[in-house]
Amino acid sequence: MKRLITTWSFGLFLVLALSVSQKVSAQPRVGVSINFQTFYDELSPYGEWIDYPDYGYTWRPRVGSDFRPYSTNGSWVYADNDDWMWASDYDWGWAPFHYGRWFYDPMYGWLWVPGYEWSPGWVAWRGGGDYYGWAPLRPGISINIGFGSYNPPYDYWTFAPCRYMGSRYINRYYYPYRNNVTIINNTTIINNYGGRNSRGRGYYTNGPRRTDVERYAGRIQSVRVRDANRPGRTSIGRNEVSVYRPSVQRGNDNSRYAPRSVQEYDRNAARAERGNSNRGNVEAGRRSEVTRGRYENNNNGIDRRDDRNNAGRSRGNREVTDGRTQDGRAVENNTGGRQNDAIRQRRGTIENARGNDAVSQQRDQQMRQQRDQQMEARRNQENTQRMEQARQQRNQQMEARRNQENTQRMEQARQQRDQQMEARRNQENTQRMEQARQQRDQQMEARRNQENTQRMEQARQQRDQQMEARRSQENAQRQEAVRSREMQVQRSAPQRSEGGGFSRGGGSRGNDGGGRGRSENGRR
């Protein structure tokens, strides 16, 4: 018995230890492996590949001007083993939102750099008050113990009310981006990160804890992540989400892969392209270099490479100009006055070029300001539209609620009327039944009285008939007795006259006796 208890205790301890030590992992699909060429081929129909100086081949999606990664056309779902996962409704969303990183270029807009590790969402999180926010992680940012010191630029962030965190339509409730600075000052970084893939590499951020979100949004339905067989949009079912997440091959041979169509990085071409069309990403060119520098001083120096390159180009141009000037002075000293005109002409050309550069910079500044104003007007219009839509939705909800309440009141009134009518009908039926019973009782009483009267009348008539019959019988008997006596008298009278000698006297006595007898009968 002691050995059995020891075995059970050891088994229970082992199960608990395994359950506690099990790490939340973002494991790519086992047995399915791709390389960077798959990214190049699968994403080419949906955008352009650009040879970016700092990151190599980057991808720009062919989307509307309001596009923002991890914000547009998608929502957050809470997965069993991956916590908060971005479920994109784009057909190409399986790759750029779960591999690699996003960054913003002032001329090209949002660009994506491929990566090896799969994650539910490569974003940083903030929280505080009634706000939850997230921002794409830039290339080169490593999710590790020092991640808490990283703060994405202010215009990378998307904020939403806490109660809509688990909603499929969270994009309807985003706060305006112009409020980001204020919201950032009232929130803090959520350092709830962790989780490694099957090869033991790559942290990812888990976002706010489920219990914290449920305090605002109610119960969060957890879903199970199922591996899809082919690339495509994320499919969300009732209790599961299907996403294509293969493992990406590592190695130096990825350098031999390349997109079939690549654009060279050219700011001027991008500026012209963005100036002639509305294609691009959200808030193109709205950040000035001064504002960007103010919010990115604490970040990696990667953002400043373009500035350093531009500074290098400027220094090179100045060196070339200085060299040309020195050469001109040498020629002037050697060749004399004939070269002065050429030198002056060259200097004038340089000055004109510098003036043209200043004009171009001023024109660029004006264009940038115009774009900022247009973007601000567009944002205001979009915010107004969102507020109008929200107001209409509230009005519709209030109208639906009022209609529902009116319907409920009408239904309650109808039920009350039905109950009253039913009670009235029951009362009337009871009254009618009582009246009918009373009528039946009265009729039965009258019938009984009538029958009793008839029986009494019949009995009386029978008694009268019997009395009449009895009197008639008695009269008949008396008459019969009288006749009998008379006959006896008549029979007896002649016998007396014949029997003796006393006929006369006897006759007189006989007559007197007969007269006496008749008078007695008359008295009777």
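**Close-up 1. Aromatic pairs across this predicted model.** A search of the whole structure turns up 38 aromatic pairs. One of them brings together Phe 39 and Trp 94 in a tilted arrangement, with 6.0 Å from centre to centre and 35° between the planes. Phe 39 belongs to helix 2 (residues 36-43), while Trp 94 sits in the loop between strand 5 (83-88) and strand 6, so the pair ties together parts that are 55 residues apart in sequence. Phe 39 is buried, at 0% relative accessible area, and Trp 94 also counts as buried, at 2%.

**Close-up 2. Tyr 52 meets Phe 103 edge-to-face.** Here the ring centres are 5.0 Å apart and the planes make an angle of 70°. Tyr 52 is found in strand 2 and Phe 103 in strand 6, so this pair links distant parts of the chain, 51 residues apart. Both Tyr 52 and Phe 103 are buried.

**Close-up 3. Trp 102 in strand 6.** Strand 6 covers residues 101-105. Trp 102 is buried, with a relative accessible area of 1%. Its side chain reaches the backbone oxygen of Pro 96 at 2.9 Å. Look also for Arg 60: it is 42 residues from Trp 102 along the chain, yet their C-alpha atoms are separated by 9.8 Å.

**Close-up 4. Two arginines over tryptophan rings.** The charged end of Arg 101 sits over the ring of Trp 122, 4.6 Å from the ring centre. In the other example, the charged end of Arg 245 is placed over the ring of Trp 118, at 5.0 Å from its centre.

**Close-up 5. The hairpin of strands 2 and 3.** Three residues lie between these two strands. Strand 2 (residues 47-52) runs antiparallel to strand 3, and six bridges join them. To find your way, start at Trp 49, whose bridge partner in strand 3 is Trp 59.

**Close-up 6. Thr 72 in a loop.** This loop runs between strand 3 (56-61) and strand 4 (74-79). Is Thr 72 buried or exposed? At 16% relative accessibility, Thr 72 counts as buried. A polar atom of its side chain lies 3.4 Å from the backbone oxygen of Asp 66. Thr 72 also touches residues including Phe 67, Trp 86 and Tyr 90.

**Close-up 7. An open sheet of four strands.** The strands follow the order 10-9-8-11, with antiparallel pairing. Strand 10 (158-161) and strand 11 (188-189) stand at the edges with a single partner strand each, so one side of each is left without a neighbour in the sheet. Four bridges connect strand 9 (residues 131-136) with strand 10, and Gly 133 stands opposite Phe 159 in strand 10.

Methods. Residues numbered from 1 in each chain as written. Predicted model: local features only at pLDDT ≥ 70, side-chain atom pairs only at ≥ 80, totals over all residues. Heavy atoms only, no water. Pairing = 2+ DSSP bridges. Buried < 20%, exposed > 50% of the residue type's maximum accessible area, 1.4 Å probe, protein only. Polar contact = N/O pair within 3.5 Å; in protein donor to acceptor, adjacent residues only side chain to side chain. Contact = heavy atoms within 4.5 Å. Phe/Tyr/Trp six-rings, centres within 6.5 Å; stacked < 30°, edge-to-face > 60°. Lys NZ or Arg CZ within 6 Å of the ring centre and 35° of its normal. Lists of a residue's contacts leave out its neighbours within four places in sequence.
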